[in-house]
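Work through the exercises below with the sequence and the structure at hand. Each task is followed by a solution in steps.

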Amino acid sequence: MIGLRGDGARIILMTPNPRSDANQRQRLAAYAQKMRGVAGAKGVVLVDVWQAYDDAVATPDNGIESYGDLLLDGTHPNAAGQALLETSESRALGSPASDLVAWIDVHRSHHAAERRDLGRDDALVDADNAV
C-alpha cells in the first residue's frame, strides 16, 4: 500500500454486501469487520456496503424488509441494491454521484457480465436511474 500511495493512488476498500444465506452471511460479516479494521489502521477510505445494507433492512417503512429485497439471487445486488451500493460509494468518497459515473459504468459492466452468465440481463434496467 505504501508504494501505491507514493505513486498518488487513492486506496479504497469496500466491504461485500450481505448474502441471503445465513451461513454465508455469518462468514462474510467477520470478513467485513476485518476490512473495517484494516481501513482504520491504514487510514484508507472504506466503502461500507455491508453497513448500508444493514441500515436499509433496519429502517422501518422503506419497503426493504430483508436482504433478499436488495439481491437478485441471494448474492448479487438487484437495482435497489445497486443504487444503495452507488450511494455508499458516493458518500465514502466525498464525491457527488456525477463524479463517479465512469467508475460506476465499469463496475456495472463487470456485474452485467455476471448477470448475463446468470441469465439476468434485465437486472440493470432501473439501476441506470440511480446516479
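**Exercise 1: The chain as a whole**

Residues 24 or more positions apart make up 57% of the contacts in the protein chain with a separation of 6 or more. The model is a predicted one.

Task: State how many helices and strands the protein chain has, and in which order the elements run.

Solution.
1. The secondary structure of the protein chain consists of five helices and two strands.
2. Starting at the N terminus, the order of the elements is α-β-α-β-α-α-α.
3. The protein chain has 131 residues, of which 38% count as buried.

**Exercise 2: Helix α4**

Task: Check the span of helix α4 against 1.5 Å a residue, then describe its two ends and its buried residues.

Solution.
1. Helix α4 covers residues 79-93, which is 15 residues.
2. At 1.5 Å a residue, α4 should span 21 Å; the C-alpha atoms at its ends are 21 Å apart, so the two values agree.
3. At the N-terminal end, Asn78 acts as the cap of α4: one of its side-chain oxygens lies 3.0 Å from the backbone nitrogen of Ala80.
4. Just after α4 comes Gly94, with a positive phi of about 65°.
5. The buried residues in α4 are Ala79, Gly81, Gln82, Leu84, Leu85, Glu86, Ser88, Glu89, Ser90 and Leu93.

**Exercise 3: Packing of α3 and α4**

Task: Describe how helix α3 packs with α4, and name the residues that meet.

Solution.
1. Two packed helices are described by the angle between their axes and the distance between the axes.
2. Helix α3 (residues 49-58) packs with α4 at an angle of about 125°, and the axes are 9 Å apart.
3. An angle over 145 degrees would count as roughly antiparallel, and 65 to 115 as roughly perpendicular. The helices α3 and α4 are therefore oblique to each other.
4. The crossing of α3 and α4 is right-handed.
5. On the α3 side, the residues that meet α4 are Val49, Ala52, Tyr53 and Ala56. On the α4 side, they are Gly81, Gln82, Leu84, Leu85 and Ser88.
6. An α-helix has 3.6 residues a turn, so residues three or four places apart point the same way.

**Exercise 4: The loop between α3 and α4**

Task: Decide whether Asp61 is buried or exposed, and say what its phi is.

Solution.
1. Asp61 sits in the loop between α3 and α4.
2. Its relative accessibility is 82%, so Asp61 counts as exposed.
3. Asp61 is not a glycine, yet has a positive phi of about 60°.
4. Most residues other than glycine have a negative phi.

Task: Place Gly68 relative to Asn78 and Val57, and list the contacts of Gly68 and Val57.

Solution.
1. Gly68 also belongs to the loop between α3 and α4, and its relative accessible area of 34% makes Gly68 partly exposed.
2. Gly68 and Asn78 are ten residues apart along the chain, with 9.2 Å between their C-alpha atoms.
3. Apart from its neighbours within four places in sequence, Gly68 is in contact with Ser20 and Asn78.
4. Val57 is part of helix α3; at 22% relative accessibility, Val57 counts as partly exposed.
5. From Val57 to Gly68 is eleven residues in sequence and 9.7 Å in space, C-alpha to C-alpha.
6. Apart from its neighbours within four places in sequence, Val57 is in contact with Ile64, Glu65, Ser66, Tyr67 and Leu70.

Notes. Residues numbered from 1 in each chain as written. Predicted model: local features only at pLDDT ≥ 70, side-chain atom pairs only at ≥ 80, totals over all residues. Heavy atoms only, no water. Helix = DSSP H or I, 4+ residues; strand = E, 2+ residues; numbered from the N terminus. Expected span 1.5 Å × (residues − 1). Buried < 20%, exposed > 50% of the residue type's maximum accessible area, 1.4 Å probe, protein only. Polar contact = N/O pair within 3.5 Å; in protein donor to acceptor, adjacent residues only side chain to side chain. Axes fitted to C-alpha atoms, helices over the stretch in contact; angles between N-to-C directions. Parallel < 35°, antiparallel > 145°, perpendicular 65-115°, else oblique. Left-handed = near helix turned anticlockwise from the far one by under 90°. Contact = heavy atoms within 4.5 Å.
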